[in-house]
Amino acid sequence: MSNDNETKAQSDSVISSVAYRNGKKLQQVTIEDISEVIKAPDTFVWLGLVQPDNSYMREIQQEFGLHDLAIEDALTAHQRPKIEQYGESLFIVVKTAQLVGDTIQYGETHLFVGKNFLITVRHGASSSYAQVRKHAEECPDLLAKGPGYALYAILDMIVDNYLTILHEYTQQFQQIESRMFKSEFDQNAVHQVYRLRRELLSLHNAALPMGDICNQLIQHHEGLVPKSLRAYLRDVQDHAHQVVTTTDDMREMLANAMHVNLALVSVHQNEVVQQLAGWGAILAIPTVIFSLYGMNFKDMPELNDAWGYPVTLGITVVGCIALYIKLKKSGWL
């Protein structure tokens, strides 16, 4: 019964295991036959796995002759993006991202690359590579160059997903930016700015190592990546650089938009304070005059002057009007 369960777990982990010769698909290959199949000239195996268990990865290690440290890393998610060489094979870790509804989910893909094999190990959120494989099989001339082209196809899809997410972030950025250039304080907009800056940082951190990985593949691993594929990898590198620079620019512009919004709110508040101060100055005139004389005397001022009250009232009105005109011209009202 335990053997049946182990077999089922292995079958659930294996997405595809296909041998290719001269760019053409041969057949599905069982794990036990891989070591014999890859001995044939101009033949390589493309093996796709999803979160395999330890025992199964040890079988893979035996069939392909993989390094212990690389296997340990491949069994553990949350690895940093990197490229490492173990003997004649490479171990590459890249961050994957995909848009699920309105949420961006991140995962990892670990890749083992040799002269006659490519192994992909997916962890967490990651789109299926079935379309990548199908597209590669439609280009037998390029696929005949070996696992280097299959590696390019996977990296290209991952970066294309970055660009798709970046397009979504760009639309959100434009909507939020228009809300920030208002004189009213919008707490929801500020929260959205913070959230978007954080998500842009996550995308930036996922895309940044891709440029270095492509550069190392171009510069130092000609045995696995032929010269004819370097232009393709440079294209992936350029797209990754585009994601990095665009996310940096948007994060900077969002920060500036927040500063502008705070400045606009501050200016608007100052205008309100000026208006209140202006009206306070106008009201100070009757306050001072009426408090000086009071309103409890007949014919004031001065006490027995018949024109005292209307003159005082007129002076008060004229003084208030004159001050209002003065403050209106100076922009305080």
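**Group meeting: a walk through the predicted model**

Okay, so the protein in front of you has 10 helices and 7 strands. Keep in mind that this is a predicted model.

Some overall numbers to begin with. There are 333 residues in the protein, and 41% of them count as buried. The exposed surface comes to about 17900 Å², with carbon and sulfur atoms supplying 54% of it. And if you take the contacts with a separation of 6 or more, 62% of them join residues 24 or more positions apart.

Now, let's go to helix H3, residues 54–64. Which residues of helix H3 are buried? That would be Tyr 56, Met 57, Ile 60, Gln 61, Glu 63 and Phe 64. They sit on the same side of H3, because the arc they cover around the axis is only 165°. You'll notice that Gln 61 and Glu 63 are on that list along with Tyr 56, Met 57, Ile 60 and Phe 64. Right after H3 you run into Gly 65, and its phi is positive, near 70°.

Next up is helix H4, residues 68–75. The buried residues here are Ala 70, Ile 71, Asp 73 and Ala 74. Look down the axis of H4 and these buried residues fall within an arc of 160°, so they line one face of the helix. What do the buried residues of H4 pack against? They pack against H3, and also against four strands that I'll read out: E4 (82–86), E5, E6 (103–114) and E7 (117–124).

While we're on backbone angles, a quick reminder. Most residues other than glycine have a negative phi. Two residues in this model are worth a look with that in mind. One is Asn 22, which isn't a glycine but has a positive phi of about 55°. You'll find Asn 22 in the loop between strand E1 (14–21) and strand E2 (24–28). Its relative accessible area is 47%, so Asn 22 is partly exposed.

The other is Asp 42, again not a glycine, with a positive phi near 55°. Asp 42 is in a loop too, between helix H2 (34–37) and strand E3 (43–50). Is Asp 42 buried or exposed? Exposed, because its relative accessibility is 58% and the cut-off for that is over 50%.

Okay, cavities. The structure holds 2 cavities of 30 Å³ or more, and I'll talk about the second largest, which has a volume of about 40 Å³. Its lining is made up of Thr 96, Ala 97, Ser 126, Ser 127, Tyr 129, Met 157, Ile 158 and Asn 161. Strand E5 (89–100) and helix H7 (147–180) are the elements giving two or more residues to that lining. H7 has the largest share, with 3 residues. As for chemistry, the lining of this second largest cavity divides into 4 nonpolar and 4 polar residues, with no charged ones.

Last stop, Arg 230. Where is Arg 230? It's in helix H9, which covers residues 230–293. You might want to check its surroundings on screen. Arg 230 counts as buried, because its relative accessibility is 18% and the cut-off for buried is under 20%. Leave out the neighbours within four places in sequence, and Arg 230 is in contact with Ile 218 and Glu 222.

That's the tour, thanks everyone.

Conventions:
Residues numbered from 1 in each chain as written. Predicted model: local features only at pLDDT ≥ 70, side-chain atom pairs only at ≥ 80, totals over all residues. Heavy atoms only, no water. Buried < 20%, exposed > 50% of the residue type's maximum accessible area, 1.4 Å probe, protein only. Contact = heavy atoms within 4.5 Å. Areas by Shrake-Rupley, 256 points an atom, 1.4 Å probe, with all protein chains shown as cover. Arc of directions from axis to C-beta. 1 Å grid on protein atoms, 1.4 Å probe; cavity = no way out; pocket = protein on both sides within 12 Å on 5 of 7 lines; lining within 4 Å. Points joined across faces, edges and corners; volume = space filled by probe spheres on them. Nonpolar A, V, L, I, M, F, W, Y, C, P; charged D, E, K, R; others polar.
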